[in-house]
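What follows is a walk through one protein model, meant for someone who has not seen it before. Please keep the structure open while reading.

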Amino acid sequence: GVEHFAFNADIQQLMGLIINTFYTNKEIFLRELISNSSDALDKIRFMSVTDPSVLSATSDLNIKIKGDSQQKLLRITDTGIGMTKDDLVKNLGTIAKSGTSDFLKSLSESKSSNEMTDLIGQFGVGFYSAFLVADRVTVVSKHNDDEQYIWESNASSFSIIKDPRGNTLKRGTEVILHLKEEAHDYLEPETLKKLVTKYSQFINFPIYLWASHTETVEQPTEEPKDEKKTDDKKEDEKKGEEKKEDKKDDDATVEEEKEKVKKETKKVEKTVWDWELVNKHKPLWTRKPSEIKDEEYDEFFKAFAKESDSPMARIHFTAEGEVTFKSILFIPKTPPRNYYSNMHERTDNIKMYVRRVFITDDFSDMMPKYLSFVKGIVDSDDLPLNVSREQLQQHKLLKVIKKKLVRKTLDMIKKLSDKDYDAFWKEFSTSIKLGVIEDTSNRTRLAKLLKFFSSHSESSQTSLSDYVARMKEKQAGIFFVAGANKDEVKKSPFVERLLKRGYEVLYLTEPIDEYTAQALPEFDGKKLVNVAKEGLTIDDSTAAKEKKEAITKDFQPLLTWLKDDGLKDLIEKADVSDRLADSPCALVASTYGWSGNMERIMKAQAYQKADDASQNFYGSQKKILEINPRHPVIKELKSKVATDKDGADTKNLAMLLFETATLRSGFSLRDSAGFAERIEKMLRKTMDIPLDEKVEEDEEEPINTEKSSEESPVKEEEKPAAETSEQKPDETPAAEDKPTEEKPKEEL
């Protein structure tokens with residue numbers, strides 16, 4: 001007979017939470033039930049290794065899903081180990097022994113409906129997710145050691161009865177969901193196929209779905225009976241027997257016509273229902289790499305990553321140690337559209353599987369941001385199957401997995417051929433540079449992947465390793481200059497002497513490049529030296545030092561005058577330059593200040609505030625004016641300072657030199673109007689135009705009152721009569737009637 005059981009208080013509380021809470025991710029019920037079926041199949045297969053007789057009832061190991069749209073039932077059937085009557089009471093009547101209170105506590109603490117849904121099943125309650133979509137659940141199960149039983153529940157209590165139909169399953173379990181009205185979409189084969197593909201396409205066992213497809217079949221054409229033949233037959237019956245020969249002829253004609261009818265067929269489309277294999281893509285990562293062809297990897301990548309092109313590179317490995325997992329990682333040929341402009345957005349390119357069951361791709365930290373273009377799969381047997389996203393992110397093993405994924409990705413990039421690496425660098429160079437900035441633990445590895453243009457070659461880029469190999473003996477460091485483009489940095493005053501002496505200089509022309517260089521203090525024991533900042537030493541020999549000291553002493557009056565008088569409050573100090581060859585002077589940033597290139601980038605930030613304190617601090621840092629003692633203009637200025645240091649011409653010359661140096665060094669001018677005035681004065685002197693000669697007045701008549709009246713928003717007919725009659729067209733209007741745009745002129 002039927003045996004009735006009541007759920008305990010904890011289970012009732014659980015059911016209430018599941019049924020009454022609005023879940024945005026109800027679809028996970030199918031993942032949970034398929035996972036349970038897969039576990040049951042795993043158990044029977046494991047037992048069959050030592051005892052093949054356990055498969056005697058049926059050797060098939062599969063999962064079948066069928067939607068019944070008439071009765072609104074969804075059936076999930078497996079040929080797994082099945083459950084005895086005691087198993088049904090124990091497994092489906094209670095939550096896992098230690099899980100009840102922990103689960104309910106976690107559920108009450110969860111912050112979102114998604115988080116709640118993820119927790120279902122974590123403590124052995126995955127089966128109960130069925131009540132997200134069903135108001136009644138029936139479980140039919142047959143174990144080798146017992147009869148077939150039926151378990152049924154409406155979420156408040158459950159009953160168990162011996163199946164009156166006998167053994168219909170042979171072995172295994174059938175879960176029948178009596179779907180709620182709002183869940184009828186889960187009866188549609190397309191919906192079910194989409195969910196199986198999303199969550200369970202890599203389950204080890206075949207998953208079949210009862211689905212329809214259209215077939216084209218040959219069908220005989222139906223033709224109306226020949227009226228003439230019918231009439232002839234009636235005539236024959238009336239007349240009696242005909243001549244034997246005529247009968248033979250008639251019979252022969254009829255046979256020919258019959259054959260003709262048989263041959264006439266038409267093609268008809270017919271709907272056929274059958275079991276369709278859904279998980280066609282087998283878990284490629286579980287096989288040995290040596291057994292897998294390149295074409296298989298390419299097809300797998302296209303299917304799971306939804307890409308049309310084959311990947312640029314891949315790596316297939318098994319990690320062992322603190323955590324064991326299998327993984328395949330791919331680098332696509334191109335980044336997604338707008339990838340670098342949307343880098344702050346979450347990406348879901350790494351899919352996490354636990355025992356070949358899809359868990360989530362909603363990780364903010366599975367791969368560092370700079371490697372978010374990498375697509376791949378991670379499958380671990382060591383992680384809990386139904387752990388929530390939030391808890392998994394905190395899981396200590398996940399940090400180990402992340403560390404190994406990064407190392408394997410960098411190994412994959414490192415092993416690219418020169419041709420492939422050039423293609424990779426063209427698409428993903430910004431990512432590697434970002435990695436140098438962000439990933440301190442892998443900075444050395446990433447630095448070896450960097451490439452920049454340099455003075456060594458016009459067309460090809462160079463790695464830092466190649467640069468170091470070409471360095472001159474006793475060279476102070478790796479020289480670089482940053483700017484908006486290659487032409488600008490090649491003509492920069494900062495590289496003049498370096499290039500003349502044959503030193504190689506790296507050209508950093510991308511906005512991120514200078515950030516990268518700042519984050520990388522040295523490479524292979526060699527410091528990276530920004531030639532636009534103070535502290536550059538080209539020749540540190542004793543002779544060179546003595547020579548500079550002598551020149552500095554000779555130019556000391558000029559240097560002191562520039563700092564204290566000519567350019568007072570504009571520069572930190574003036575100094576004799578080691579880096580200039582052709583330019584008269586240059587403006588050099590302090591060690592921790594912004595270079596001209598960095599200032600340009602910072603001021604161009606879209607979210608930068610006009611009065612940002614940090615920007616004002618760095619932007620207002622005084623620079624060092626370096627002079628070229630061999631330049632004729634500097635020599636002339638030295639002479640003028642010696643003879644007329646307070647003269648206007650001397651100060652104007654110093655100011656012009658400062659402003660041109662500011663522009664050539666990549667900085668922006670604070671007083672562009674003053675600069676323009678000084679240029680104009682210089683032009684007047686050059687062309688012998690008196691400095692006080694005025695600009696010729698415009699001969700056009702001044703704006704009259706008629707025009708003002710026309711521009712006024714008040715119409716003539718709307719004005720008071722007295723005002724209209726008294727005011728003449730050529731008279732100046734009263735102050736209050738003037739257009740607003742005239743006021744600034746009066747003020748000026």
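The text below moves from the whole chain to a pair of strands and their neighbour, then to three single residues, and finally to the cavities.

This is a predicted model. The protein chain contains 27 helices and 23 strands. Of its 748 residues, 43% are buried. The surface exposed by the chain comes to about 42,700 Å², and carbon and sulfur atoms supply 48% of that area. Contacts can also be sorted by how far apart the partners are in sequence. Taking the contacts between residues at least 6 apart in sequence, 73% join residues at least 24 apart.

A good place to begin is strand E10, which covers residues 313-319. The partner to look for is strand E11, residues 325-331. E10 and E11 pair in the antiparallel sense, over 7 bridges. One of the bridges can be found by starting from Ala 313, whose partner in E11 is Ile 331. The two strands form a hairpin, with 5 residues between them. In the turn, Gly 321 has a positive phi of about 135°.

How many residues of E10 are buried? The count is 5 of the 7, so E10 is largely enclosed by the rest of the structure. For E11 the count is 6 of the 7 residues, so E11 too is largely enclosed by the rest of the structure.

E11 has a further pairing, with strand E14, residues 375-380. E11 and E14 run antiparallel and are joined by 6 bridges. Here Phe 325 stands opposite Ser 380 in E14. E11 is thus a shared element: it pairs with E10 and is also joined to E14.

The next stop is helix H15, residues 486-490, where Val 489 lies. Is Val 489 buried or exposed? Its relative accessibility is 1%, and because buried means under 20%, Val 489 counts as buried. Leaving aside neighbours within four places in sequence, the contacts of Val 489 are Val 481, Ala 482, Gly 483, Val 495, Tyr 507 and Thr 509. Val 489 can also be set against a residue from farther along the chain, Gly 666. The two are 177 residues apart along the chain, while their C-alpha atoms are separated by 9.8 Å.

Tyr 515 sits in helix H17. With a relative accessibility of 29%, Tyr 515 counts as partly exposed, because that class lies between the 20% limit for buried and the 50% limit for exposed. Which residues does Tyr 515 contact, beyond its neighbours within four places in sequence? They are Ile 437, Met 598, Ile 601, Met 602 and Gln 605. Leu 434 is 81 residues from Tyr 515 in sequence, and the C-alpha to C-alpha distance between them is 8.7 Å.

The third residue is Glu 659, in helix H23. Glu 659 has a relative accessible area of 3% and is buried. Not counting residues up to four places away in sequence, Glu 659 touches Leu 669, Asp 671, Phe 675 and Arg 678.

Helices H17 and H23 come up again when the interior is searched for empty space. A search of the whole structure finds 2 cavities of 30 Å³ or more. The largest has a volume of about 50 Å³. Its lining is made up of Leu 450, Phe 452, Phe 480, Leu 506, Leu 508, Thr 516, Ala 517, Leu 520 and Leu 528. Strand E18 (506-508) and helix H17 (513-519) each supply at least two of these residues. By class, the lining has 8 nonpolar residues, 1 polar and no charged.

The second largest cavity has a volume of about 30 Å³. Around this cavity are Leu 562, Leu 625, Ile 627, Ile 634, Leu 637, Ala 654, Leu 657 and Phe 658. Strand E23 (623-627), helix H22 (632-644) and helix H23 (648-664) each supply at least two residues of the lining. Which element gives the largest share of this lining? H23 does, with 3 residues. The lining here consists of 8 nonpolar residues, with no polar and no charged ones.

Terms used:
Residues are numbered from 1 along each chain as its sequence is written. This is a predicted model: local features need pLDDT of at least 70, side-chain atom pairs count only at pLDDT 80 or more; totals for chains, interfaces and linings use all residues. Side-chain values use heavy atoms; hydrogens and water are left out. On a 1 Å grid over the protein atoms alone, a cavity is a set of points where a 1.4 Å probe fits but cannot get out, and a pocket is an open set with protein on both sides within 12 Å along at least five of seven lines; lining residues have an atom within 4 Å of a point. Grid points are joined across faces, edges and corners, and a volume is the space filled by probe spheres set on the points. Helices (H or I, at least four residues) and strands (E, at least two) are DSSP runs, numbered from the N terminus. Ala, Val, Leu, Ile, Met, Phe, Trp, Tyr, Cys and Pro count as nonpolar, Asp, Glu, Lys and Arg as charged, and the others, Gly among them, as polar. Buried means under 20% relative accessible area, exposed over 50%, partly exposed in between (1.4 Å probe, protein chains only). Contact means heavy atoms within 4.5 Å. Accessible areas come from the Shrake-Rupley method with a 1.4 Å probe; for residues, only the protein chains shown count as cover. Two strands pair if DSSP finds at least two bridges between them.
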